[in-house]
Every structure is written in C-alpha cells, then in structure tokens.
Amino acid sequence: FISKVSSLYSTLSVSTILVIGGTGDYLNVADHVILMQNYKATNETDRAKEIVKKIKVEVENKNWEELRERKIIRRGFSIGQGQRCKIKVRATDSFGIDREDVEMRSVGGLVEIGQMKFVSECLKKMMEIYGGKEMTVKECVEQVEEMVRKGGMDVLDEGKYNGYYVVARKFEIAAAVNRFRPLNIK
C-alpha cells in the first residue's frame, strides 16, 4: 500500500488518512504529519520531512489499478424469481429474504425501520428485474433508484400501497447487495 498511496490520490482523487504509532514507514509519502502527544495535536510535517532526508528511504511509486465494475452473475441473484418472495425486517440491523439473512448492523446510515423495509424491498425488486442481463452492482442500484424516483415507493411492491417505507440512500441499498450472501460477483 505504501507504494500506491500517492497514485491513489493522483489517479482516483482518493485521500488517505492513516493513524499509526511508532513507525516512520509512511513519512516519505505523507503530505501532512500530525503528532498526537498527551491529547494534544501538533503539526510535525517539517520535522518529518527532515527525518526522511536523513534516512533517504526510496519508495517506488506504483500506479493504482483501474477500479473494475463488479458484475452480478445471474445464478446468485435469483431468490424469488417468478414467485412471491417473503421479506422479514428485524429492526435496523438485519432483514431476511426467504431463508437468507442480510446482516446490516455496521451500516451507519440506517436509523429507522422504514429505511430497512425500503432497502429490503429494493433488493427484492433488483432480483425481479435483473432477468439474466449482465449488469454491474452500480447499474442495478441506479436502475431501482430511478424507478423509485419516477414512480414513487409503491413501485417496489406493485399493487399495494405501503406507507411504511422511508427512503434510504443508494449507499445503503448497495450495502445490502454487498451483504447478500448468495450473490456471485465477477
């Protein structure tokens, strides 16, 4: 990672914040160095640059590989295909689709049970509309998000009016897709 941290920023515009103690390995690639001592933060960037000059450690900068889109493999995204799919929401920490549990405990953006109901119905809708097409996770999430934007939340469970949904962001929907264990990605 030390050889790629600079290209991560220059190639993908992703900043990196590292919290490390007792090692100078990253000093030569650091733009800023903040020292925490006795609960007090001080800027030690100049001092770190001086140390790097004395030690003269060279780091070979390697390019960050291009991020690949994760494509869904059909067979892993087919629960409920052509039949009614049962969803059971358990507060804001998990839900079940048929016999598959989706653990959402560490997803910080879900604070209301209605959001979990919305996310679980979005996942079910993705399984229904996927239909054997080769799609990326991003395309799948965006397609369902667009359906909801155009047709309202009732498009998730057509034929029913459901006032229990609370809109969640696409990040929480993608988190559910990522945590859906039967899903196969290539």
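**Salt bridges, the β4-β5-β6 sheet and chain composition**

Arg149 is exposed, its relative accessible area being 56%; here buried denotes a relative accessible area under 20%, exposed one over 50%, and partly exposed a value in between, computed with a 1.4 Å probe and with protein chains only. The structure is a predicted model, in which local features need pLDDT of at least 70 and side-chain atom pairs count only at pLDDT 80 or more, whereas totals for chains, interfaces and linings use all residues. Residues are numbered from 1 along each chain as its sequence is written, and side-chain values rest on heavy atoms, with hydrogens and water left out.

The chain contains five helices and seven strands. These elements are DSSP runs numbered from the N terminus, a helix being H or I over at least four residues and a strand being E over at least two. Read from the N terminus, their order is α-β-β-α-β-β-β-β-α-α-α-β. Of the 186 residues in the chain, 30% are buried. The accessible surface amounts to about 12500 Å², and carbon and sulfur atoms supply 49% of this area; accessible areas were obtained by the Shrake-Rupley method with a 1.4 Å probe, and for residues only the protein chains shown count as cover. With contact defined as heavy atoms within 4.5 Å, residues 24 or more positions apart provide 62% of the contacts with a separation of 6 or more.

Side chains of opposite charge can pair when their charged atoms come close. A salt bridge is assigned where a side-chain nitrogen of Lys or Arg lies within 4 Å of a carboxyl oxygen of Asp or Glu, and eight are counted by this rule. Arg149 takes part in one of them, with Glu146 as its partner and 2.9 Å between the closest N and O atoms. Both residues belong to helix α4 (residues 137-151), where a spacing of three residues separates them by about one helical turn. Glu146 is partly exposed, at 30% relative accessibility. Elsewhere, Asp93, Glu103 and Arg105 are joined into one network by salt bridges that share partners.

Within that network, the closest N and O atoms of Asp93 and Arg105 are 3.4 Å apart. This pair connects distant parts of the chain: Asp93 is located in the loop between β4 (87-90) and β5 (94-97), and Arg105, 12 residues away, in the loop between β6 (100-103) and α3 (113-130). Asp93 is partly exposed at 24% relative accessible area, whereas Arg105 is exposed at 61%.

A further salt bridge links the side chains of Glu121 and Lys124, at an N to O distance of 3.4 Å. Both residues lie in helix α3, three residues or about one turn of the helix apart. Both partners are buried: the relative accessibility is 10% for Glu121 and 3% for Lys124.

Strands of a sheet pair through backbone hydrogen bonds, either parallel or antiparallel. In this model, strands are taken as paired if DSSP finds at least two bridges between them. An open sheet is formed by three strands in the order β4-β5-β6, with antiparallel pairing. Strands β4 and β6 are the edges, each pairing on one side only. On average, neighbouring strands of the sheet are turned by 15 degrees against each other, direction ignored. Helix α3 packs on this sheet and touches β4, β5 and β6, its direction making about 30 degrees with that of β5; axes are lines fitted to C-alpha atoms, for helices over the stretch in contact, and angles run from 0 to 180 degrees between N-to-C directions.

Antiparallel strands β4 and β5 are joined by four bridges, with Arg90 partnered by Ser94 in β5. The hairpin of these strands has three residues between them, and Ala91 adopts a positive phi near 55 degrees there. On the other pairing, β5 and β6 are antiparallel over four bridges, and Gly96 has Asp101 in β6 as its bridge partner.

Ser94, in strand β5, is buried at 9% relative accessible area. With residues up to four places away in sequence not counted, Ser94 touches Val89, Val102, Glu103, Met104 and Met116.

Asp157 is placed in the loop between α4 and α5 (170-179). Its relative accessibility of 7% classes Asp157 as buried. Asp157 and Cys122 are 35 residues apart in sequence, with a C-alpha to C-alpha distance of 9.3 Å.
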